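Visitor: Please choose a single part of this structure, look at it closely, and then take me from there to the rest in one connected account. I am in my first year, so please go slowly.

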Amino acid sequence: MLNNTTAVITGASSGIGAAVAQALAAGGSTVALLARRRDRLTQLADTINARAGGRARPYEVDVTDSEAVRTAIDAAANECDGIDVLVNNAGSGTWGPARTAELAVWHNVMAVNFNGVLNTTHAALPHLTRAAATRDRGVADIVTISSIAGRKVPGPNSNVYAATKHAVGAFSESLRQELAEYHVRAGLVEPGVVVTELTTSGRDYAPDATKPTGYGLLQPDDIADAVMFMVTRPRHIAINEILVRPTEQTI
Ligand SMILES: NC(=O)c1ccc[n+]([C@@H]2O[C@H](COP(=O)([O-])OP(=O)(O)OC[C@H]3O[C@@H](n4cnc5c(N)ncnc54)[C@H](OP(=O)(O)O)[C@@H]3O)[C@@H](O)[C@H]2O)c1
């Protein structure tokens with residue numbers, strides 16, 4: 001399915017990013033795993049490499065550091081034979097009242113969720129356009145993990161998080177329009193509540209991923225399915241947006 005392709009996944013050390021990396025690797029992609037926690041990346045790379053045909057390499061990087069991102073992405077392109085797919089997934093989710101928020105925390109969420117996407121996309125674009133122009137597959141993909149909070153502000157306390165996700169939505173749509181002629185597809189995946197460290201790590205105002213519901217909440221693999229659907233379409237089909245909620249989620 002994705003044989004002879006390379007995918008770069010940011011935030012691959014846990015949650016959705018780790019699930020997407022495993023799905024892409026199972027589909028035949030060589031995966032470049034980017035995040036800050038090297039031990040987690042190495043563990044995941046070892047797991048993928050132990051499977052028949054699995055190829056993964058870890059790259060320890062903070063997505064807010066533009067030079068480090070460029071170095072990591074260029075290294076991934078050199079060591080993994082180009083880049084066909086970029087999955088902008090790294091994210092930080094701070095929820096809480098604006099009245100008592102620390103400005104530095106807002107700036108950090110913006111730095112990871114928005115500037116991080118700019119940093120990785122800018123560094124990967126030359127590799128993606130080259131892959132689309134020169135390889136048999138004939139397309140390349142930028143998939144950005146946004147959120148339901150990028151479609152609408154889901155309620156109080158989502159202030160800076162919702163703002164960053166709206167921003168990546170506008171950026172992705174602009175990329176889509178600009179890159180269509182270069183056969184680089186730009187798509188957004190917008191999850192509702194997924195059970196990951198982001199929603200279960202005790203942040204006071206995060207959507208309650210531990211609340212039992214009849215049908216359950218989304219799992220990281222559910223989002224990996226959406227990403228796989230996008231990047232495995234034939235080259236004349238661009239799936240630009242997928243909104244995925246748990247069946248019982250109302251907001
Ligand atoms: N869980 C949900 O309900 C939900 C819903 C909608 C959208 N999303 C989005 O899904 C994406 C993944 O989140 P998740 O739910 O899977 O949470 P997660 O398990 O906490 O994963 C976040 C990932 O981002 C990485 N990351 C954070 N800051 C980074 C930085 N400065 N540099 C590099 N990597 C960084 C983390 O790795 P390191 O800490 O190792 O760097 C980790 O791999 C995020 O964009 C999030 O906004 C999640």
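Guide: Let us begin with Asn 157, which has a relative accessible area of 24% and therefore counts as partly exposed, since buried would require a value under 20% and exposed a value over 50%. Please keep in mind throughout that what you see is a predicted model. Asn 157 sits in the loop between E5 and H5, and although it is not a glycine, its phi is positive, at about 80 degrees. That deserves a moment of attention, because most residues other than glycine have a negative phi.

A second residue shows this feature as well. Asp 81, again not a glycine, has a positive phi of about 65 degrees, and its place is in the loop between helix H3, residues 66–79, and strand E4. With a relative accessible area of 55%, Asp 81 is exposed, because the cut-off for that word is over 50%, whereas Asn 157, as we saw, is partly exposed.

From the loop that holds Asn 157, we can step into helix H5, which covers residues 159–179 and contains Ser 172. Ser 172 has a relative accessible area of 4% and so counts as buried. If we set aside its neighbours within four places in sequence, Ser 172 is in contact with Ala 186, Gly 187 and Leu 188. Those numbers lead us towards strand E6, residues 184–191, where Glu 190 is found. Glu 190 is buried, with a relative accessible area of 1%, and once the neighbours within four places are left aside, its contacts include Ser 146, Ser 147, Ile 148 and Arg 151, together with the run Glu 241, Ile 242, Leu 243 and Val 244.

Helix H5 also gives us a way across to helix H4, which spans residues 103–134 and holds Met 110. Not counting residues up to four places away in sequence, Met 110 touches Asn 115 and Thr 164, and Thr 164 is likewise touched by Val 109, another residue of helix H4. The other partners of Val 109, under the same exclusion, are Ser 92, Thr 94, Phe 114, Val 160 and Tyr 161. Although Val 109 and Met 110 follow each other in the numbering, they are covered to unlike degrees: Val 109 is buried, at 0% relative accessible area, while Met 110, at 30%, is partly exposed. Two distances help to place this pair. Met 110 is 46 residues from Thr 64 in sequence, and their C-alpha atoms are 9.4 Å apart; Val 109 and Ser 147 are 38 residues apart along the chain, and their C-alpha atoms are separated by 14 Å.

We can now turn to the interior. The largest nonpolar core has 35 residues, and those with the most contacts inside it are Ile 9, Leu 24, Val 31, Leu 33 and Val 87. Among the elements that each supply at least two residues of this core are strand E1 (6–10), helix H1 (15–26), strand E2 (30–35), strand E5 (140–145) and strand E7 (241–244). Leu 33 makes a good example of how such a residue is surrounded, for beyond its neighbours within four places in sequence it is in contact with residues including Ile 9, Ala 12, Leu 41, Leu 44, Pro 58 and Tyr 59. Apart from this core lies another, of 26 residues, and among them are Ala 32, Ala 123, Leu 128 and Leu 175.

Finally, let us step back to the whole chain. It has seven helices and seven strands, and read from the N terminus they run β-α-β-α-β-α-β-α-β-α-β-α-α-β. The radius of gyration is 17 Å, close to the 18 Å that the globule rule gives for 251 residues, so the chain is as compact as a globular protein of that length. Of these 251 residues, 51% count as buried, and among contacts with a separation of 6 or more, residues 24 or more positions apart account for 71%. The accessible surface comes to about 11700 Å², with 50% of it belonging to carbon and sulfur atoms. As for charge, there are 22 positive and 25 negative side chains, and the centres of these two sets lie 3 Å apart.

Conventions
Residues are numbered from 1 along each chain as its sequence is written. This is a predicted model: local features need pLDDT of at least 70, side-chain atom pairs count only at pLDDT 80 or more; totals for chains, interfaces and linings use all residues. Side-chain values use heavy atoms; hydrogens and water are left out. Helices (H or I, at least four residues) and strands (E, at least two) are DSSP runs, numbered from the N terminus. The radius of gyration is taken over C-alpha atoms; the globule rule is 2.2 Å times the number of residues to the power 0.38. Buried means under 20% relative accessible area, exposed over 50%, partly exposed in between (1.4 Å probe, protein chains only). Contact means heavy atoms within 4.5 Å. Accessible areas come from the Shrake-Rupley method with a 1.4 Å probe; for residues, only the protein chains shown count as cover. Lys and Arg count as positive and Asp and Glu as negative; His and the chain ends are not counted. The place of a charge is taken as NZ of Lys, CZ of Arg, CG of Asp or CD of Glu. A nonpolar core is a set of buried Ala, Val, Leu, Ile, Met, Phe, Trp, Tyr and Cys residues joined through side-chain atoms within 4.5 Å.
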